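Trainee: Got a minute? I'd like to go through this structure with you.
Mentor: Sure, put it up and ask away.

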Amino acid sequence: MTSQITVDKADKAPEPSSAPAPAKGLRGHPWLTLFSVAIGVMMVALDGTIVAIANPAIAKDLGTTMAGVQWITNGYLLALAVALITAGKLGDRFGHRQTFLIGVAGFAVASGAIGFSSSVGLVVAFRVLQGLFGALLMPAALGLLRATFPAEKLNMAIGIWGMVIGASTAGGPIVGGLLVEHVSWQSVFFINVPVGVIALALGLVILKDHRAENAPKSFDIPGIVLLSGGMFALILALIKGSEWGWGGSRTLLFLAGAVVLFALFAFWETKVKEPLIPLGMFRSIPLSAGTVLMVLMAFAFMGGLFFVTFYLQNVHGMSPVDSGLHLLPLTAMMIVASPIAGALITKFGPRVPLVGGMVATAIAMFGMSTMTTDTATLPMSLWLGLLGLGLAPVMVGATEVIVGNAPLELSGVAGGLQQAGMQVGGALGTAVLGAVMAARVDEDLPANWADAKLPPMTPDQLDQASAVVEMGGAPVPPKAPEPVAEAITSVAHDTFVSGMGLAFTVAGVVAVIAALVATLTKRGANADAGAGVGHI
């Protein structure tokens, strides 16, 4: 495919030989562009995990139920996942610079509004707004990088971009724990305001509005409605499936609705002149493989990380801050390995690093499946470090494969597709591995309880105990004698670790499948289409 022509409204025809003024030297500079978008992306990625630490304090302060607290997280994830691809299309249509800046400003304002909220209803409403503005910001960041960096530097830039996302996601519990313990739960949201102001100021000065000559000129409104409805039904079913029951009528209704809406969407896209997602994109086997790989990677990563926090806090009895610090090997390895992975992918192509990354991820998952109630910090750190080492090239490479194999005029849609795959994979991994954990606990707890010669439980008591054990807790009755409390705790933790081991084994198998999918990837055929104006 021939390179696309990019147009900047502010500087339509710069003289190649003219020396740029100082302000012009800043605008569109690739590395400064990366720095600017990384600050905005950091806010969105951090908010995916930082709020989990604040939830107990929010529940206590606002007097809400567990269902209300769950919607503080679920509302954000739903809005983000549903809007990502549409937001990418907005960037392709109106320019990624404008879309990014609106996303940053809206995210910061919504964050401040949450801090001033006096009811859980307002918190949930503004969290939904956070998710919608975050969806504007994420694909636009990738679109800006694609349009600004020349092909030989793009993988390094995406490596650093992936490093920021990985470090922010894994570092959320640490930052959240420190803020909640030493300031307040509101500070978890207020911190986004100054960060957003900085990102907005830098963006106004640095970011340049590159647009493809044949960018879309219209909107596929029916396509947006059908795709958004399908994503909403799918993600909601995955989030609520454990509560409603995976064979329950509501779960099956939403899953069936998602299938129908996605089928109607696919049919409509073949009929409309300017579709939301041209289905011809998926004729590219590497792009399709990269999308599937993103889903499978997020399945293993997000689903596995979900249990690690319960294991550290409830089985090992760590504080939120201590448990976050124990995740540092994962975070640190992603920070170190992501730029290196970008350089390797630039030199050798994405296939070998992607396959190697998923193999390392699988080994780490199988290793974590062997952890017991008294596993020491060193082996735990080794497995988490290996997981970070494996994830880094996949975060970088799968992103490059998806975005690089899409035409420049669809880079926003491709960025939205990449992020949507990650959100769907994360929700799917948490749901499926949660169901695996629940099934193992339901199977093992009665026998383990009886073997410890503990007083028999009624079916209702057993259901309540299983719900506690699935989160690593121990269903110790009030005023239970110390020997009984110790026996119950031992049984509960052993049962939880058994379920966690099975969940990690399933995640490892998924990682092996992802390694096979990675063999179908290759360097983006259109990666050089966006080599932007500017110097490096």
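Trainee: What percentage of the residues of the protein count as buried?
Mentor: Of the 536 residues, 55% count as buried. Keep in mind that this is a predicted model.

Trainee: And how many helices and strands are there in the protein?
Mentor: There are 19 helices and two strands.

Trainee: Let's take one helix. Which residues are buried in α18?
Mentor: Helix α18 spans residues 459–469, and A465, S466 and V469 are buried there.

Trainee: Why are they on the same side of α18?
Mentor: They cover an arc of only 105 degrees around the axis, so they end up on the same side of α18. In general, an α-helix has 3.6 residues a turn, so residues three or four places apart point the same way.

Trainee: What about the other side of α18, buried or exposed?
Mentor: Exposed, with D460, D463 and Q464 on that side.

Trainee: New topic. How many aromatic pairs does the count come to?
Mentor: Five aromatic pairs. One of them is W185 with F189, and that pair is edge-to-face. The ring centres are 6.2 Å apart, with 85 degrees between the planes.

Trainee: Are W185 and F189 buried or exposed?
Mentor: Both W185 and F189 are buried.

Trainee: Which residue lies over the face of Y76?
Mentor: R127 does, at 4.2 Å from the ring centre of Y76.

Trainee: Last one. What is the accessible surface of the protein?
Mentor: About 21,100 Å², and 70% of that belongs to carbon and sulfur atoms.

Conventions: Residues are numbered from 1 along each chain as its sequence is written. This is a predicted model: local features need pLDDT of at least 70, side-chain atom pairs count only at pLDDT 80 or more; totals for chains, interfaces and linings use all residues. Side-chain values use heavy atoms; hydrogens and water are left out. Rings of Phe, Tyr and Trp (its six-membered ring) pair if their centres lie within 6.5 Å; planes under 30 degrees apart count as stacked, over 60 as edge-to-face and the rest as tilted. Buried means under 20% relative accessible area, exposed over 50%, partly exposed in between (1.4 Å probe, protein chains only). A charge sits over a ring if NZ of Lys or CZ of Arg is within 6 Å of the ring centre and within 35 degrees of the ring normal. Helices (H or I, at least four residues) and strands (E, at least two) are DSSP runs, numbered from the N terminus. Accessible areas come from the Shrake-Rupley method with a 1.4 Å probe; for residues, only the protein chains shown count as cover. The arc is that of the directions from the helix axis to the C-beta atoms.
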